[in-house]
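Student: Could you take me through a structure and show me how its features are read, with the cut-offs stated as we go?

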Amino acid sequence: MNMTQEQFGAGLLAFLRRSPTPYHAAGNLALLLEARGFRELREADAWHIESGGRYFVRRNGSSLIAFVRGRGAPEEAGLRLVGAHTDSPCLKLKPQPELRRHGFLQLAVEVYGGALLNPWFDRDLSIAGRVSFATASGVSHTLIDFRDPVAIIPNLAIHLDREANGGRAVNAQNHLPALLALDGSEPRDFPVILRDRLLAEHPACGAERVLDFELSLYDTQPPALVGLHREFIAGARLDNLLSCYAGAIALGESDGDSSAVLVCSDHEEVGSTSAIGARGPMLSSLLARMLPDREARERAIAGSMLVSADNAHGIHPNFADKHDANHGPLLNAGPVIKVNTSQRYATSSETAALFRWLCEAEGVPVQSFSVRSDMGCGSTIGPLIAANTGVRTIDVGVPTFAMHSPRELAGCNDLYGLARVLTRFYGTSRLT
Ligand code: ZN
């Protein structure tokens, strides 16, 4: 791959910083792809796909699929697909979030996905997402990011809860409303605050009044390289923006010989069942338009492979008994192949062997994860896309700590290793 580890790390940090929501993530992926010769197609338009052409589509502004229509015949060579997701567990504002009580203006939230809630307390939070508004000529939608730390959820002092360190339960309804301002100092209603912010960020948008929004809180502390030798990356949304970024960089390096696809889906953290999620028709519909001849498409799918990249659980030295002793992935010891006999992961020995072979060829170490037999197993988009399309699939990911916290931790070598292997995967002429 044409990027050093330092360049890749710096690019990832910038991407994470600019992508507080799936809308921003898909927007930044679009910019990254456009800079590499990809052109956006609208699903509502007629498509004229050219051999060697580079394209992407977005749905709802938060799910993105990019593809290279290879010069070779896809029915002979198959497609190389990489899957990831743009969403992360977070706190989303309720439709009518205002609470005015005890002298404060607060914002009520709903928990999105399986968030670790305790780390959201005592952080300098901002607000970002999509706002829909009325203009003189109709309805418009645009992204917004307050950037400044405008909100905070203070903890309860230990003096008022002496049992806090023994396990304080977080009640999402009662404990998570965020402080936004002193009630007396902020007479504006929240939609007016939003409209004013919108006009400050986009002076030409013509917003007259806000009609609706999808906004979430995010931690303003930027991602950083940490550790004595800066060997780790700490930040929000590593699950799974790091795989989206690695996939996009890898796809950008495709030489155009083979057909290659990158799927970055929203709604993974809430089960993927939606018009834009991995359980929906977005990928199948794209494949049908990319390869309109049914016989050729079915042959291409039969020869294809999907690498579903989503974070894996590294073995935490303070909680090592949560792992099977032989399957505890180490940070900075390589990407992880995830296996589960109940098909919570779609990996087969055949796809795992191909991935190991690619890692060997690239000189990247690789590890294995299998959950403890007395514990349940997580899942991801791999099995869903495999079931929807019939493409043989492998689930892999970078070993991570604190998954679903607003401050996750991963190893720098692993991110770069994943990007290198995905680049090699897109460029390989053989999938058997
Ligand atoms: Zn994930």
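Tutor: We will go through the metal site, a neighbouring residue, and then the sheets and strands.

Student: What should I know about the model and its numbering before we begin?

Tutor: This is a predicted model, in which local features need pLDDT of at least 70 and side-chain atom pairs count only at pLDDT 80 or more, while totals for chains, interfaces and linings use all residues. Residues are numbered from 1 along each chain as its sequence is written, and side-chain values use heavy atoms, with hydrogens and water left out.

Student: Which atoms coordinate the zinc ion?

Tutor: Donors are N, O and S atoms within 2.8 Å of the metal (3.2 Å for Na, K and Ca), and sites may look incomplete because water is not among the atoms. Here the zinc ion is coordinated by NE2 of His-85, an OD atom of Asp-239 and two entries for OD of Asp-310, at 2.0 to 2.6 Å. The spacing of these donor residues in sequence is H-x153-D-x70-D. His-85 lies in strand β4 (residues 79–85) and Asp-310 in the loop between β14 (305–309) and β15 (312–313), so this pair ties together parts that are 225 residues apart in sequence; helices (H or I, at least four residues) and strands (E, at least two) are DSSP runs, numbered from the N terminus.

Student: What geometry does the site of the zinc ion have?

Tutor: Ideal angles at a metal are 109.5 degrees for four tetrahedral donors, and 90 or 180 degrees for six octahedral ones. Four donors count as tetrahedral if all angles lie between 85 and 135 degrees; four count as square planar and six as octahedral if opposite donors are over 155 degrees apart and all others between 65 and 115; anything else is irregular. The angles among the 4 donor atoms of the zinc ion run from 54 to 141°, and the site is irregular.

Student: Is His-85 buried or exposed?

Tutor: Buried means under 20% relative accessible area and exposed over 50%, with partly exposed in between (1.4 Å probe, protein chains only). His-85 counts as buried at 0% relative accessibility, and Asp-310 counts as buried at 5%.

Student: Which residue has a side chain joined to that of Asp-310 by a polar contact?

Tutor: A polar contact is a pair of N or O atoms within 3.5 Å; within protein, one must be able to donate a hydrogen and the other to accept it, and residues adjacent in sequence count only if both atoms are side-chain atoms. The side chain of Thr-380 makes such a contact with that of Asp-310, at 2.8 Å. Thr-380 lies in the loop between β17 (367–369) and α10 (381–389), and at 5% relative accessibility Thr-380 counts as buried. If its neighbours within four places in sequence are left aside, Thr-380 is in contact (heavy atoms within 4.5 Å) with residues including Glu-268, Arg-344 and Asp-395.

Student: How are the strands of a sheet put in order?

Tutor: Strands of a sheet pair through backbone hydrogen bonds, either parallel or antiparallel, and two strands pair if DSSP finds at least two bridges between them. One open sheet of 5 strands has the order β11-β12-β20-β19-β15, with mixed pairing. Its edges are β11 (224–226) and β15, each with a single partner strand, so one side of each is left without a neighbour in the sheet. Strands β12 (residues 232–235) and β20 (residues 408–411) run antiparallel and are joined by 4 bridges, with Glu-408 in β20 as the bridge partner of Gly-235. Helix α6 (residues 238–252) packs on this sheet, touching β12 and β20, and its direction makes about 40° with that of β20; axes are lines fitted to C-alpha atoms, for helices over the stretch in contact, and angles run from 0 to 180 degrees between N-to-C directions.

Student: Where does strand β2 stand with respect to burial and pairing?

Tutor: Of the 6 residues of strand β2 (residues 54–59), 5 are buried, so β2 is largely enclosed by the rest of the structure. Strand β1 (residues 39–40) runs parallel to β2 with 2 bridges, whereas strand β3 (residues 63–68) runs antiparallel to β2 with 6 bridges. In the hairpin of β2 and β3, which has 3 residues between the strands, Asn-60 takes a positive phi near 60°.
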